[in-house]
Amino acid sequence: MSYYEHEDINNAVVGLFVEAKNNDNRTGTVLDIGCGRGRLGLEIETLGFRVTGIDESSVACETARTRLSEVIELNLTDFAKVGQMLGDRRFDWLMLADVLEHLPYPEKALEFYKQYLALGGRLIVSLPNAVVWDNRLRIMLGRFDYRDSGTMDRTHMRFFTFRSARELVENAGFTPLRRTFDPGIVRAFLPLVKKLVAGKHPGSILESPSYQFYKKYLLPVEQAFASILPGLFAFRIVLSAKVRP
């Protein structure tokens with residue numbers, strides 16, 4: 001797999017930016033660390049934020065440049081080069097959405113990028129929930145199989161729960177402010193959906209009538225149900241935080 005075949009939108013992260021704009025009148029600049037093709041950043045740009053993305057994939061950056069205000073093609077863990085590129089710039093938001101689980105030392109990445117957060121700025125982190133219900137079921141049946149995407153993505157180097165995600169953020173010098181999630185009930189059947197749209201362009205799932213129906217009618221119900229036991233039914237763990245004084 002040279003790069004992820006299908007695009008995804010992290011609805012929980014988008015929701016935090018919507019709340020910030022509507023409730024607190026907060027917009028500003030966003031450093032999207034590990035921006036991929038910029039699909040999530042595009043959603044945030046349409047809300048009135050200015051997004052700068054960093055990613056090392058030339059394939060992803062080619063598309064991201066058509067969606068984001070600025071794209072830096074660079075390995076996000078090459079801290080020396082990132083430091084040279086960003087200099088003394090500061091951002092109102094740092095966003096690491098579905099990125100840290102791919103790194104051997106995610107805490108070090110958070111500690112490094114913390115210096116680029118403006119005074120009063122916010123960190124948003126999204127991590128896959130390793131103990132979502134379908135993973136628990138497979139492990140109970142003696143299965144621990146890696147996949148091309150999802151919580152068992154074969155490129156994941158670290159695994160998180162709600163508790164360990166909070167500890168990661170705190171150990172990096174942040175104070176968590178808000179916890180939310182993306183539900184993982186319907187998502188368990190995503191591999192089947194992907195087979196049905198195999199060979200189509202990366203945004204084919206998001207643009208399909210089925211997804212639009214799901215987002216409008218089923219997602220709110222799924223969200224409400226998953227909120228009863230998020231540790232079991234959440235697919236993504238999403239945290240917002242500020243720098244600890």
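Here are some worked exercises on the predicted model above.

Before starting, note that residues are numbered from 1 along each chain as its sequence is written. Local features need pLDDT of at least 70, side-chain atom pairs count only at pLDDT 80 or more, totals for chains, interfaces and linings use all residues, and side-chain values use heavy atoms, with hydrogens and water left out.

**Exercise 1. Describe the overall build of the protein chain.**

Step 1: Start with secondary structure. The protein chain has 11 helices and 7 strands; these are DSSP runs, numbered from the N terminus (helices: H or I, at least four residues; strands: E, at least two).

Step 2: Turn to the dimensions. The C-alpha trace spans about 50 × 35 × 35 Å along its principal axes. The radius of gyration is 17 Å, which agrees with the value near 18 Å for a compact globule of 245 residues; it is taken over C-alpha atoms, and the globule rule is 2.2 Å times the number of residues to the power 0.38.

Step 3: Look at burial. Of the 245 residues, 47% count as buried (buried is under 20% relative accessible area, exposed over 50%, partly exposed in between, with a 1.4 Å probe and protein chains only).

**Exercise 2. Work out the surroundings of Ser-126.**

Step 1: Place the residue. Ser-126 sits in strand β5, residues 117–128, and is buried at 0% relative accessible area.

Step 2: List its partners. Beyond its neighbours within four places in sequence, Ser-126 is in contact with several residues, among them Asn-10, Asp-98, Glu-101 and Arg-236 (contact means heavy atoms within 4.5 Å).

Step 3: Find the polar partner. The side chains of Ser-126 and Asn-10 make a polar contact at 2.9 Å. Such a contact is a pair of N or O atoms within 3.5 Å; within protein, one must be able to donate a hydrogen and the other to accept it, and residues adjacent in sequence count only if both atoms are side-chain atoms.

**Exercise 3. Is His-156 buried or exposed, and which backbone atom does its side chain reach?**

Step 1: His-156 lies in the loop between α6 and α7. With a relative accessible area of 9%, His-156 is buried.

Step 2: Its side chain reaches the backbone oxygen of Thr-151 at 3.2 Å. Glu-101 and His-102 are among the other contacts of His-156.

**Exercise 4. Trace the salt bridge of Arg-187 and set it beside one inside a helix.**

Step 1: Recall the principle. Side chains of opposite charge can pair when their charged atoms come close. A salt bridge here is a side-chain nitrogen of Lys or Arg within 4 Å of a carboxyl oxygen of Asp or Glu, and the count comes to 15.

Step 2: Take the pair. Arg-187 forms a salt bridge with Asp-8, with the closest N and O atoms 3.1 Å apart. Arg-187 is in the loop between β6 and α8 and Asp-8 in the segment before α1, so the pair ties together parts 179 residues apart in sequence.

Step 3: Check accessibility. Arg-187 is partly exposed at 21%, and Asp-8 is partly exposed at 29%.

Step 4: Widen the view. Asp-8, Asp-98, Asp-182, Arg-187 and Arg-236 are linked in a network of salt bridges.

Step 5: Now the helix. Glu-43 and Arg-39 form a salt bridge at 2.7 Å between the closest N and O atoms; they are 4 residues apart in helix α2, about one helical turn.
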